[in-house]
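Hi,

Here is the structure I promised to pass on. Have a look at it first, and my notes follow underneath.

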Amino acid sequence: MTAATTPSSGAPVAADAPPSLRSRVRVRAPELVGRGWLNTGGRSYSIKDFRGRVTVLDFWTFCCVNCLHVLDELRPVEEQFPDALTVVGVHSPKFEHEADPDALAAAVERYAVHHPVLDDPDLTTWRAYAARAWPTLVVVDPEGFVVASMSGEGHGPGLAALVAELVEEHRAKGTLQPGDDPYVAPPPPDTALRFPGKAVGLPDGSFVVSDTANHAVVHLEADLETERARWGGPGVLHEPQGVLLATPDVAARLGVDLVVADSVDHQLKGIRFCDGAVRVLAGTGAQLRERSGGGPALEQALSTPWDLAWLGDRVLVAMAGTHQLWAWTPGDTPEDGVVEVVGGTTNEGLRDGPAPDAWFAQPSGLATSADGSRVWVADSETSALRSVTTGDDGELVVETHVGTGLFDFGHRDGDAAQALLQHPLGVTTLPDGSVAVSDTYNGAVRRYDPSTGQVSTLAQGLAEPSDAVVEPDPETGETRLVVVESAAHRLTRVALPADAQRVDGPARRTQRPATPLAPGAVELEVTFVPPAGQKLDDRWGDPTMLDVSASPEGLLVSGGGRARGLRRTVTLADGIRTGTLHVSVQAAACDGDPDTGEVPEHAACHLFQQDWGIPVTVAPGAPATLALDLRGVVPGAPGPATSSAEV
């Protein structure tokens, strides 16, 4: 048992500390209810059908980069227990577009999901399992009882240890009944490009596009179909996204013509056109688990870089995995390059001001203004168009132009303050100084005019547009766009209308149920039980960290900020009825003996983390406690059944 510290004093929790807010009893796993199933060959399943095997339910939504990280963490666990473990994806959508069954089927293919997926468009199963965040993992034992709930990333090794113990326990009891995997692969695709991500135009009228699901970058002729060259491939690139032409100076120094954001390898890579050589420019190949970083580019881990843009002599990087903007400064060699955080605290939300203090939510598209003074940002999870400029003091400043928050979206034109987007992934500077937004989940290209503050619609009916490139029409000389239609696996030319449309669609809000909380003091607790064979790494103090904030800012009267410990008393305002509570948590555990407290000198350590954005309603008589699971285990299940008060 390891003592935690309270955020106010830093003192260890006493032996007679109050019990955990989380009451855990052994319960049957609720039924799996949804619209249908994918990856099962047309068969539907009940939770009882998975008896005899360990079952992991992965609650995800395909817009969420953290959910994509968890898919990668689950793959080796699935491979380790092919006969005893069933992973079931429960897709509970955040955005309206994600509830479209065809869009979900495309996403399952796009992200190589090789296990059954329950389509849960009304969040019925999400509510039954009391999920509060994407991603959430729920572990069900072979007898059908829930044994653990985990939120966030970093659970792969601990999950594998828990599954191994459950397999051993139930094999001894005779309740483990290995059987066939219910996964049935869909028919193979048959298109040249698969879910292309980003594109850039070359001076000769040709285009370079990231062929994301084929793990390649492709050079297309002006007809948008004929391949001039194909670079990378599996094992060289891994779901590349952003592509950016190197400046002549950088090309001469580093021997690369193109910089690529290689999202799943968590690296920036360079491609030389003449021979297709690929070299690493930044990143170690491991995913960044910390919430800060910087230094020599080849020694610093990154986290899902998604797009790139020049700002002066630096390349801004949309670091979707940590909800930040980073910068890469090229050197004379790749070893001389430097990376650093330039914007975002890693808190997920919409907050402007000095870039280091700003909040982003999965920035996914970047474009430099014509004069080079501004970089436009498509901030996808807030459905926002934002920008970064250099202030009078030389520091970067963040401004929001369209968008209102994490849970608000729609297709509405007009004044920018009231306009709505839906999960945009791309942004393009137009010749007149306005901005084209690839409004991905609305299937549209939108236009924001900074001179008038108006938003309009340039085109609709597109299949998940994720980027666009400006191109002059050779016959008329008029500007048109080459749009990356990601879900249609193609690039498409779109004429810019003389008079843009004005769409006045309904405002939408994510359908997650709000959590009722009482005004005044609320006891907040994050549950974390280290996996078997691990202990909290307290050799240098409390290894847990809790960061609490709220929007609107007046909602949180006290108890906000970042401090050690997993319990906190926060005070909610009485006069604000709705808002969002933002809770970020980290916990570090190392391989060691939890009974003796011994940690080997070179023990492997693991970082667990999660960011919750919890919609709340504040009302008298509502609960005054809020318990969240980072890693909660039901007492009696394998692993240490330590309450969070004892952690």
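A definition before anything else: buried means under 20% relative accessible area, exposed means over 50%, and partly exposed is anything in between, with a 1.4 Å probe and protein chains only. This is a predicted model, so local features need pLDDT of at least 70 and side-chain atom pairs count only at pLDDT 80 or more, while totals for chains, interfaces and linings use all residues. Residues are numbered from 1 along each chain as its sequence is written, and side-chain values use heavy atoms, with hydrogens and water left out.

**The whole chain**

The protein chain has five helices and 44 strands. Both are DSSP runs numbered from the N terminus: helices are H or I with at least four residues, strands are E with at least two. The radius of gyration is 25 Å, which agrees with the value near 26 Å for a compact globule of 647 residues. That radius is taken over C-alpha atoms, and the globule rule is 2.2 Å times the number of residues to the power 0.38. Along the principal axes, the C-alpha atoms fill a box of roughly 75 × 55 × 50 Å.

Of the 647 residues, 58% count as buried. As for contacts (heavy atoms within 4.5 Å), take those between residues at least 6 apart in sequence: 61% of them join residues at least 24 apart.

**Strands and sheets**

Strands of a sheet pair through backbone hydrogen bonds, either parallel or antiparallel. Here two strands pair if DSSP finds at least two bridges between them.

One open sheet has five strands in the order β20-β24-β23-β22-β21, with antiparallel pairing. Its edges are β20 (353-354) and β21 (363-368); each has a single partner strand, so one side of each is left without a neighbour in the sheet. The partner of β20 is β24 (residues 396-402), antiparallel over two bridges, and Gly353 is bridged to Val398 in β24.

For a parallel pair, look at β2 (residues 54-60) and β3, which are joined by seven bridges. Val54 has Leu85 in β3 as its bridge partner. Strand β3 (residues 85-91) is mostly covered, with seven of its seven residues buried. In a regular strand the side chains alternate between the two faces of the sheet. In β3, Leu85, Val87, Gly89 and His91 point one way and Thr86, Val88 and Val90 the other, and all are buried.

There is also a hairpin made by β13 and β14, with six residues between them, and Gly276 in its turn has a positive phi of about 75 degrees. Four bridges pair β13 (residues 267-271) with β14 (residues 278-282) in the antiparallel sense, and Lys269 stands opposite Val280 in β14.

**Two residues to click on**

Ala192 sits in the loop between α4 (156-173) and β7 (199-201). Buried or exposed? Ala192 is exposed, with a relative accessible area of 54%. Leaving aside neighbours within four places in sequence, Ala192 is in contact with Asp211, Asn214, Glu227 and Arg230. Ala192 and Arg490 are 8.6 Å apart in space, C-alpha to C-alpha, yet 298 residues apart in sequence.

Val470 belongs to strand β31 (residues 465-472) and counts as partly exposed at 29% relative accessibility. Not counting residues up to four places away in sequence, Val470 touches several residues, including Thr428, Pro431 and Arg480. From Val470 to Thr428 the C-alpha distance is 7.6 Å, with their positions 42 residues apart in sequence.

**Backbone oddities**

Most residues other than glycine have a negative phi, and most peptide bonds are trans. Here are some exceptions.

- The peptide bond from Trp134 to Pro135 is cis, with omega near -5 degrees; Pro135 is in the loop between α3 (124-128) and β5 (136-140).
- The bond from Ser551 to Pro552 is cis too, with omega near 0 degrees, and Pro552 is in the loop between β38 (544-551) and β39 (556-558).
- Glu239 has a positive phi, near 55 degrees. This residue is in the loop between β10 (227-232) and β11 (240-245) and is buried, with a relative accessible area of 14%.
- Gln362 has a positive phi near 65 degrees. Gln362 lies in the loop between β20 and β21, and at 5% relative accessibility it counts as buried.

Cheers
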